Every structure is written in structure tokens, then in C-alpha cells.
Amino acid sequence: MLSVKEIGKSFGGLTALRAVSFDVRQGDIKALIGPNGAGKTTLLNIISGIHKPDNGEVVFMGEKIVHLTPSRIARKGISRTFQHVELFGNMTVLENIMVGRYAKTKAGFFSSGFKLASIMKEEEKILQKSGEILGYINLGHRKDELASNLPIGEQRVLEIGRALATEPHLILLDEPAAGLNIKETRDLGEIIRKIREELTITIVLVEHDMELVMRISDSITVLNFGEVIADGAPLEIQKNREVIIAYLGEEEEIQKGYNAHP
Amino acid sequence: MLTVFLQFLFSGLTVGAVYALVGIGFNITYNATSIINLAQGEFVVIGGLMMWFFSESLKLPFFVSVVLTIITAGLVGLLMERLTIKPLKNPDLLLMIMITIAVSIVLRGVLMFFFKKDPYVYPAFTEGEPLSIYGAIIQQQTLWVIGITGFCIIALFFFFKKTIIGKAMLACAVNPTAAQLVGINVSRMVMVSFILSAIVGAIGGMAITPISLMEYDKGPMLAVKGFCAAIMGGLGSNRGAVLGGFIIGILESMTAGYIHSGLKDAVALVILLLILFFKPAGLFVSKAMLQLRKY
Amino acid sequence: MKKGDASAFLLLLFLIAVLPIFSGSAYTLTVGIFSGINALVAIGLCILMGYAGQVSLGQAGFYGIGAYVSSVLSVHAGFPIVVSMLCAMAVAAFAAVILAIPALRLKGHYLAVATLGFGEIINIILNEWGPGGPSGFGDIPHFNLFGYTIHSTTGYFYLVWGLVAVVLFFSINLIYSRTGRALRAVHDSEIACNAMGLDVAALKIKVFILSAVYAALAGSLYAHYVTFISPSSFSLFYSILVLMMVIVGGITNVWGAIIGAVVITVLPELLRRFEELDVLVYGLILTVSLMFFRKGLVPILIEKIKKLRGFAVVKR
């Protein structure tokens with residue numbers, strides 16, 4: 001479904017990504033993990049079109065997308081959530097989902113202003129579909145609340161719901177569990193699994209919560225200092241020495257740590 | 001040929017000096033608060049009109065009038081900050097723009113009430129023959145304007161780069177929270193910045209009035225051109241504002257002289273739009289710095 | 001359209017129909033006509049600022065384009081008035097595109113000053129190259145449709161407010177539609193909009209065009225009513241005036257634009273006696289509104305009404 005090929009990106013003197021390559025199979029939940037500053041969010045931003053890479057290519061469903069604008073990429077079927085929740089805070093929960101339906105609908109300035117019958121029908125469908133999605137993510141009871149008034153856990157779920165409204169083939173989730181407690185994280189994991197199983201949407205997940213990652217991912221790519229250091233199934237990754245070093249430091253350091261604090 | 005050119009050049013430098021001072025005024029407020037005070041132009045008008053009031057109407061001695069004018073301007077800046085800026089908790093950008101516009105209207109209204117719509121003038125700072133450079137006639141006041149502007153620039157340079165207060169003010173705009181944490185009284189810095197920018201503007205007004213007279217409604221155009229000067233050099237950079245101001249003044253003067261006087265005001269506006277559209281960070285500043293600002 | 005809007009709309013239609021009957025004095029109707037013309041500009045600005053979150057201090061430019069283009073075409077080129085007006089709106093739309101495209105990247109102060117600069121440049125162009133220059137020109141024909149010319153004040157009142165009603169209807173529908181939601185979304189988070197497939201650039205350009213077209217319509221109505229125009233009516237002062245209308249009325253609500261327009265248009269009439277104080281009073285009203293009634297008259301009124309209803313329910 002998605003192929004990242006030799007992506008490189010520098011910001012001024014800082015090399016954020018170097019020759020990053022990996023594949024995402026259709027229907028998989030692929031996790032991108034790595035210590036802070038490894039370049040994970042930059043990579044997501046490149047895939048979704050916010051940044052242009054210095055070299056390399058991203059191929060989505062057979063098509064090269066690196067040169068496209070973010071909204072064009074979205075219309076191709078990639079949707080996403082953000083590390084710092086980017087909801088439409090002054091709009092209601094329902095309206096947030098409805099905006100997600102934008103790319104699938106047509107009403108323009110003229111047809112909306114003059115309230116043409118065809119537009120009214122389309123509007124009803126938008127309302128209906130959005131209501132369904134809200135129900136699917138269990139936020140129906142919040143539908144008329146201002147998005148900014150929701151607790152963070154529900155905000156993150158709403159963001160996912162909004163992404164779902166675009167009927168994507170692939171969703172990029174940027175640290176969806178950040179700031180969530182154990183129960184909220186578990187619910188989140190359930191929703192992600194539901195999306196993959198029932199809606200057959202492929203998912204790329206950037207996360208720090210290892211418990212969540214190991215539990216739901218099919219495949220994991222590990223980044224460190226902008227390079228891929230491991231790529232494989234969760235069990236393999238857990239045992240991979242490089243990964244352990246990247247997260248925890250060299251073994252001697254760990255030993256020293258234990259000796260210092262018995 | 002040369003005579004005419006020099007004549008235009010000097011008149012451009014003169015008016016450019018005022019634009020530079022207005023631009024510096026913008027920078028002072030911006031550097032301390034990240035707010036762009038669209039009432040900046042009114043301070044210039046206040047400077048000119050109050051100077052007239054003290055020296056011509058009350059017939060007070062020159063230096064006394066200068067001091068009183070500066071005090072008045074400072075007071076106006078203080079009042080503006082205390083009454084309209086300080087009370088606002090968490091203002092959004094639009095509100096800030098609107099409030100400074102609203103205050104500029106109030107100031108204009110007060111000036112109009114007391115001074116009506118007439119132009120005002122008072123004698124130049126020094127009596128004497130105008131100079132002649134290659135046939136171009138340069139009034140002594142012109143030299144005063146340029147000299148005073150230069151003096152202000154140097155004084156402010158020392159203030160911001162060398163004194164603690166100046167550096168503290170710069171810290172406030174970049175990160176008010178951090179500034180507070182190191183003991184800087186942010187709210188007082190904000191107040192000082194308004195007072196200072198008002199005084200700088202007023203000085204410009206005081207200096208230019210003997211040459212080009214002063215009316216109650218010159219504020220907005222001065223603000224626009226001064227803002228143009230400020231962003232030309234990159235908002236926040238006084239060196240840039242000075243360069244910008246002189247460039248605008250000279251281009252304006254050349255356009256009025258060689259092409260068509262009605263297009264005078266358009267020059268600054270076109271430059272303004274070109275810069276905003278293509279190089280909003282200014283001709284000398286990097287984009288990265290822009291992102292550091294609050295607004 | 002929500003219930004509240006529908007009732008308000010009917011009330012408006014009623015008031016429009018009835019005002020000339022109750023107070024047929026030419027003076028009241030004239031003030032009413034100018035209120036209506038200003039309301040058109042204000043509604044456009046309200047949508048641009050309150051909903052789409054953009055800033056414009058240059059609406060006078062579009063207003064002036066509307067007035068001048070329509071007048072010149074009907075006087076010098078002999079176009080029928082309606083055609084001239086439509087052409088004026090088209091020219092304004094074009095000007096809006098020219099302004100909006102480079103302005104797309106600008107936000108906040110920069111956008112405000114850019115639009116201000118734009119408005120001022122239009123003003124200078126009108127001063128330099130408009131027929132009659134700074135003194136303006138006259139003999140502009142009254143509004144004329146299929147041979148029937150409107151001369152009377154009452155006729156104009158109905159024409160202007162009739163158009164206000166149509167524009168309002170259009171605008172309210174727009175706000176509650178997919179497009180309206182998109183505009184509000186752009187206001188809240190452009191990056192999220194792009195990620196959801198919205199073409200933010202196109203939306204911004206279109207909403208600028210909308211505000212320009214409304215202003216141009218108002219400008220041409222103005223020109224064909226007063227039959228004499230000069231560049232001084234289309235200056236920064238007018239742009240700020242329109243801004244005041246939107247803010248005083250309530251930037252988040254189109255009804256606010258109408259109320260604000262009426263209030264700000266009527267005010268100078270009330271202040272006629274204090275002619276020297278008018279600028280000062282304008283400034284004070286604006287400052288006080290911004291500081292204490294930030295939300296604007298209409299939203300505050302709506303809140304008060306909701307609270308009262310809340311009490312009524314509790315008491316039962």
C-alpha cells in the first residue's frame with residue numbers, strides 16, 4: 001500500500017532523516033517507533049505532504065505522491081491525526097466530523113447560498129454519515145459540545161473520527177496515546193483495531209507507548225537519529241540489540257546504573 | 001541637473017527621517033510586546049501640535065516647550081498602555097489590531113477637537129540662511145531633522161544593546177514567561193516601551209513641523225509609511241527601519257519630483273505590498289526569526 | 001437555517017415593508033438607505049473576518065471599485081444599470097483575486113496592513129485616474145430596470161433593503177452549509193483542513209471574492225442613488241467604519257453586521273450637534289466596545305435571551 005523509499009530531509013544544518021525506507025502492507029498496522037528526535041513526526045509530515053523531502057520517494061497505491069500538496073494527498077486517500085491535537089475548537093463535535101466529509105461532497109458557494117434541492121439532499125447525507133461515525137467511535141453523546149471542551153482522551157478519538165470521515169485507505173496516527181491514561185489508551189487500542197478489522201483501513205502509528213505498540217502492531221519500523229535501525233515483527237524488535245541500545249543506552253551503562261543504585 | 005537631484009534627495013532624507021523614527025517606534029513596541037501599535041503615527045502629530053501649543057500659544061521658551069511636549073507624549077503613551085493594553089487578558093491578534101486602531105481614532109478625535117483641521121507651524125530651531133550644496137537649497141531645519149534622528153538612533157542602540165533595561169525589554173517579546181521567571185517585570189517593560197515609542201514619535205513630529213507643517217490627520221499615513229520602513233528592514237530591527245525609512249523617503253521624493261506628485265503616497269504603499277507579498281520577513285531578516293514571535 | 005434566524009429574517013422583512021409607511025419622512029428613509037448599503041459591505045466583511053478568520057482593512061477599495069466602475073460604464077459607455085452593476089461586481093472579484101493570491105500566506109498584522117495598503121492604492125488610483133479626479137463626477141443615472149427608473153426615496157429604500165434581504169438569505173444559507181463549515185474550519189486550523197482534503201487557498205480566495213462582491217454591489221447602489229461620487233467617500237476612514245460596524249454588532253454573527261451597520265450609520269446623525277466631536281466619539285465607542293463588549297451587541301443579546309429562557313424553564 002505504502003512504500004517509503006530512501007527519504008532524506010535536512011532542516012538547515014540538521015539532518016532529520018537519512019535514506020529511510022520501509023513498506024506498509026495493505027491492512028497492516030505499522031508502528032514507527034524510536035527515541036525523541038528520531039524523525040518520526042518529520043516522516044509523517046513528508047508522507048502527508050506538509051514537508052517536501054530533499055531526496056527519495058513515497059509511493060502510495062502505486063502512485064508517487066512526494067510532490068503533491070497535502071490536500072491532494074488527502075484526497076488520494078491518506079488521512080491523519082496530529083501530535084498536538086488540531087481539532088476545530090470553535091466547532092461542535094459533530095461539525096468536526098462533518099468537515100471531514102468535505103472532500104467527498106460537492107456543494108460550493110453558489111449552490112449552498114441558494115439552497116438548491118440537490119445540496120439539501122447532500123447535506124442530509126453528510127449529517128447521517130457523520131452521525132454514524134460518531135456512533136462508531138462512541139462519541140454520540142457529545143455531538144453538540146464544543147470540541148475544545150472535550151477531555152484530551154475524547155479529543156484524540158474525535159480527531160480519529162474526523163480522519164475516518166474522509167473515507168481514507170490509510171490513516172497516519174501521530175502519538176494518539178500521548179497524554180492518555182491506561183484506560184483511555186486501552187480504548188484507543190480497541191478503536192484502532194476496530195478500524196483495521198472492520199473498515200480494512202491501513203494504519204501507520206507513531207507512538208511511544210510500547211505496551212500499546214507491541215499489543216496491536218503487525219510490523220514495526222524503528223528510527224534512531226533519522227535512520228532505520230530495525231524493521232520487523234514486534235517480537236523480533238523486542239529482542240533486537242540495536243533497538244535496546246537506542247532506547248536504553250549501552251549495556252555497560254545499564255550495569256553501572258544498577259550498581260550505583262542497588 | 002545635479003541641483004534638482006540633490007534637492008529631491010535632501011527632501012527625501014528629511015521626510016525619510018520621520019518615517020524612520022515612526023518605524024523605530026513600531027520596533028520598540030514590537031520588540032517588547034509583539035504588538036504592532038497602529039496608533040504610532042498619532043504620536044508624531046501630537047509632537048508637532050503640542051510643540052506649537054507650548055511654544056506659540058503659551059509662548060513658553062523653546063527648551064521648556066520641548067520638555068513639556070516630550071512629557072505629554074510620554075503620558076499619552078502611558079495612558080494608552082494602562083487603559084487599553086494592560087487590562088486585556090489573553091487578547092487575540094485581531095483584538096490587538098482593532099484596539100490600537102480604536103485608540104488612534106480617539107487620539108485623532110481629541111486632536112481634531114482642540115486643534116481643528118488647520119495646519120500649524122512654528123519657527124525652525126535655528127534662525128539662519130539655508131545652506132547651498134551644488135545649488136540645492138537645504139534649510140537648516142533639514143539638518144536638524146536628520147541630526148536628531150541620528151542621535152535618537154544611536155541613543156536607542158545603546159539603550160537596547162548595552163543597558164539592562166533595554167535587554168530586558170527585548171527578552172519580554174521573545175518569551176514573556178521566561179522573562180518573568182528571571183525577575184523581569186514584564187508589565188512594567190510593556191509600559192516603558194509604549195512611553196518610549198511615543199516619545200520617539202513625538203520627537204519626529206517636533207522636528208519636522210517647521211518644514212512640512214502639522215495637521216490633526218497626518219497620523220494614519222505616517223503610520224503606514226513608518227510600518228513599511230519597519231518591515232523593510234525586518235520588524236524589530238532598528239537599523240533596518242532607518243534604512244527603510246530613508247529609502248522610502250527618497251523614492252517618494254524622486255517620484256513626486258520626476259514623475260508625478262499625486263503618486264507620492266502610492267510609492268510607499270506599493271513598496272509595502274511588494275514586501276509583504278514577497279519578503280514579509282524584511283529584506284535582511286531570516287524567516288526562522290519570524291516564527292519565534294508570538295504573533 | 002436555524003429557527004432563530006428564520007424568525008429574525010421574517011421580522012426583518014416585516015420591518016422593511018412597514019418602515020416607509022410608519023415614517024415616510026425622506027430623512028429617515030435616506031438614513032435607512034445608507035444603513036442598508038453599509039449593511040451589505042458589513043455582511044461581507046463579517047463573513048470574511050468572523051467566519052473565515054481573515055482580516056481586511058481595505059473594503060473601501062472594493063466599495064469604491066463598485067461605485068466607480070458601475071458609474072463609468074453607465075455614464076460613459078451607456079450600459080444599462082444592471083449590467084454596469086454586474087460588471088462592477090466582476091471587476092471587484094478580479095481585484096479580490098489579485099489581492100488574495102499573494103496575501104494567502106499572510107496572517108494577522110501583515111494581512112491587515114496589506115489590505116489597508118490595497119485599499120489606499122485603490123483610493124489613489126481613483127484620485128489620479130478616476131473621472132473628475134479628486135473632485136469626483138456626477139450625473140450618474142438612477143437605478144433603472146427594464147425601462148422603469150427608481151427616483152423616489154421610498155423606492156430606493158425597498159430596492160436596497162430588498163437586496164440586503166436577498167444577500168442575507170444567501171449568506172445565512174452559506175454559513176450553515178458545507179462551505180460555511182469549511183470557512184470556520186479554516187479559521188480554526190488550516191493545517192488540519194489541508195489534511196482533510198480542503199483546498200484552503202481556494203477557500204480563502206473565494207471568501208475574499210465574496211466580501212469584495214458584496215462591497216461592490218453596495219458601492220454601485222450608492223453611486224446610482226447619490227448620483228455624484230468622489231474618491232473621498234472611499235477611503236481608509238470608510239474601511240475602518242465598516243470594521244466598527246462588524247465589531248460593534250458582533251463579529252461572529254451576520255445579524256450583528258446588520259445591527260452594527262444601522263447603529264454606526266445612525267450615530268453621526270445623532271451626533272450632528274457635536275460635529276467637532278464626531279471622530280472622538282467614534283473612537284470612544286469603538287474602544288469601549290472592544291474592551292467591554294468584545295463579543296458584540298448581537299451575541300451578547302442572544303446570551304441574555306438564552307439566560308432568561310433558562311430561568312423560565314427552571315422556575316416551572
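In this predicted model, a good place to begin is the largest nonpolar core, which has 272 residues, and among its members C:Ala42, C:Ile43, C:Ala92, C:Ala212 and C:Val246 touch the most other members. Helix H9 of chain C, which covers residues 200–226, provides the largest share of this core, with 17 residues.

One of those well-connected members, C:Val246, can be followed in more detail. Leaving aside residues up to four places away in sequence, C:Val246 touches C:Ala42, C:Leu45, C:Cys46 and C:Met49, and also C:Ile251, C:Gly256, C:Ala257 and C:Gly260.

From the core we can turn to the places where chains meet. Where chain B touches chain C, the contact takes 34 residues from chain B and 32 residues from chain C. On the chain B side, the elements that give two or more residues are helix H4 (93–115), helix H9 (219–232) and helix H11 (264–278) of chain B, and H4(B) gives the most, with 16 residues. Sorted by class, this side of chain B has 29 nonpolar, 3 polar and 2 charged residues.

Chain C also touches chain A, and this contact takes 22 residues from chain C and 31 residues from chain A. On the side of chain C that touches chain A, at least two residues each come from helix H6 (153–175), helix H7 (178–188), helix H8 (190–195) and H9 of chain C, while H7(C) gives the most, with 7 residues. The residues on this side of chain C divide into 10 nonpolar, 6 polar and 6 charged.

Notes. Residues are numbered from 1 along each chain as its sequence is written. Chains are lettered from A and ligands numbered from 1 in the order in which they are written. This is a predicted model: local features need pLDDT of at least 70, side-chain atom pairs count only at pLDDT 80 or more; totals for chains, interfaces and linings use all residues. Two residues are in contact if their C-beta atoms, placed from the backbone, lie within 7 Å. Helices (H or I, at least four residues) and strands (E, at least two) are DSSP runs, numbered from the N terminus. Ala, Val, Leu, Ile, Met, Phe, Trp, Tyr, Cys and Pro count as nonpolar, Asp, Glu, Lys and Arg as charged, and the others, Gly among them, as polar. A nonpolar core is a set of buried Ala, Val, Leu, Ile, Met, Phe, Trp, Tyr and Cys residues joined through C-beta atoms within 7 Å. A residue is buried if 20 or more other C-beta atoms lie within 10 Å of its own, exposed if 12 or fewer, and partly exposed in between; C-beta atoms are placed from the backbone.
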